Amino acid sequence: MIEWWPAPAKINLFLHITGRRADGYHELQTAFQFLEHGDKLKFTITETPEIILQTQLTDVAADDNLIVRAAKLLQTTAKVTLGVAIQLYKKLPMGGGLGGGSSDAATTLVALNKLWQCDLTEDQLATLGLQLGADVPVFVRGHAAWAEGVGEIFTEIDPPEPWYLVIFPDCAVSTAEIFSATELTRDCEPITIAGFLAGEGSNICESVVKKLHPPVAQALTWLAQYAAIPRMTGTGSCVFARFNSADEAENVLQNVPEHWHAFTAKGCNESPLSLCAKDFDRSLNVTAN
Ligand SMILES: C[C@@](CO)(OP(=O)(O)O)[C@H](O)COP(=O)(O)OP(=O)(O)OC[C@H]1O[C@@H](n2ccc(N)nc2=O)[C@H](O)[C@@H]1O
Ligand SMILES: Nc1ncnc2c1ncn2[C@@H]1O[C@H](COP(=O)(O)OP(=O)(O)O)[C@@H](O)[C@H]1O
């Protein structure tokens, strides 16, 4: 049986804004890839219907935590009478653009769907996830993706899987703050998947974030000494660069200034959550046979 379920980080390999809908949401083009690095969650199913989060996050009330919101949403939708106690091992910085909150929510949906035996389909879980946040569906689906619309229309992609060095420049960036900035570029020319795979694309939010959060600019400048095309993920604040091997990424990690948190991780097109869910299904089949 699975004890700890992974909630991996994602990075946006590029991020363009192509327009804005009448409801204020932005139309995007982006490419998501997962990292072999992230949070972990442990679920203990209970006979009574309470949902208890045993690990508290500073600054997030338990009822606002996306883990609790995801569990409640699934419990109500699938009319589940069981409950759950959840432990969280939090590694991903909040407001870092690594999608930690969304990934925690997706792992909760995917794991509890199995542990509570709800039998919702992946499409149903992704639709539920979208109610919690724009980034939740890609974590539910678990494959690297080209995304359009407000980030919910996916095409699976298989870009190279390099090693990354990721720096969290010790500042949190709110997605809503960046999307409400007047100087944000909102009219990028659409690009194609083939164009992206050939190297087109950048993160259009970088200039606004660098201006509002100088540590992000400093981290990008620092990384540029060691790697071509350092980039910000999502609306920040983390920045990343790619390397051909774990050793190359590790060597640069040794030099990262102490006041920044940093880590290395391999990029992966199938998410650790998806692999874990398959392991879970296999273990059930073994027990049944
Ligand atoms: C733009 C991305 C790229 O990955 O940024 P990051 O959050 O990862 O940095 C995400 O899609 C973000 O997803 P997520 O963080 O789940 O966003 P949400 O909670 O749904 O929305 C936060 C706020 O951002 C704005 N928002 C979000 C998504 C979008 N396509 N257009 C928007 O204008 C809305 O004002 C919304 O209130
Ligand atoms: N389980 C959770 N983990 C992280 N953040 C959460 C969680 N639940 C709710 N949040 C809220 O979501 C915000 C965004 O967090 P996160 O997804 O980690 O960053 P980002 O969207 O920049 O990748 C946090 O600042 C926090 O207020």
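Around ligand 1 there are 17 residues, and Lys10, His26, Asp135, Thr175 and Thr235 come nearest; a residue counts as near a molecule if one of its heavy atoms lies within 4 Å of it. This is a predicted model, in which local features need pLDDT of at least 70 and side-chain atom pairs count only at pLDDT 80 or more, while totals for chains, interfaces and linings use all residues. Residues are numbered from 1 along each chain as its sequence is written, chains are lettered from A and ligands numbered from 1 in the order in which they are written, and side-chain values use heavy atoms, with hydrogens and water left out.

Several polar contacts (pairs of N or O atoms within 3.5 Å) hook up with ligand 1. An N or O atom in the side chain of Lys10 is 2.6 Å from an oxygen atom of this ligand. For Asp135, a polar side-chain atom lies 2.9 Å from a ligand oxygen, and Ala134 brings a polar backbone atom to 2.9 Å from an oxygen of ligand 1. On its own, ligand 1 has 680 Å² of accessible area (Shrake-Rupley method, 1.4 Å probe), and the protein covers 81% of that.

As for who builds the shell, β1 (5-20), β2 (26-46) and α5 (175-179) each chip in at least two residues around ligand 1. The largest share, three residues, comes from β2. Helices here are DSSP runs of H or I with at least four residues, and strands are runs of E with at least two, numbered from the N terminus.

Turning to ligand 2, the shell has 18 residues, with Asn65, Leu66, Gly97, Gly99 and Gly101 coming nearest. The side chain of Asn65 has an N or O atom 2.9 Å from a nitrogen atom of ligand 2. Backbone atoms join in too: a backbone N or O atom of Leu98 lies 3.2 Å from an oxygen of the ligand, and a polar backbone atom of Gly96 is 3.3 Å from a ligand 2 oxygen. The protein covers 76% of the 540 Å² of accessible area that ligand 2 has on its own.

Two elements, α1 (66-77) and α2, give two or more residues to the shell around ligand 2, and α2 gives the most, with four. Helix α2 spans residues 100-115, 16 in total, and reaches 22 Å from its first C-alpha to its last, close to the 22 Å expected at 1.5 Å a residue; that expected span is 1.5 Å times one less than the number of residues. Of its 16 residues, 13 are buried (under 20% relative accessible area, 1.4 Å probe, protein chains only), so α2 is largely enclosed by the rest of the structure. After α2 comes Gln117, with a positive phi near 55°.

Technical notes
Buried means under 20% relative accessible area, exposed over 50%, partly exposed in between (1.4 Å probe, protein chains only). A polar contact is a pair of N or O atoms within 3.5 Å; within protein, one must be able to donate a hydrogen and the other to accept it, and residues adjacent in sequence count only if both atoms are side-chain atoms.
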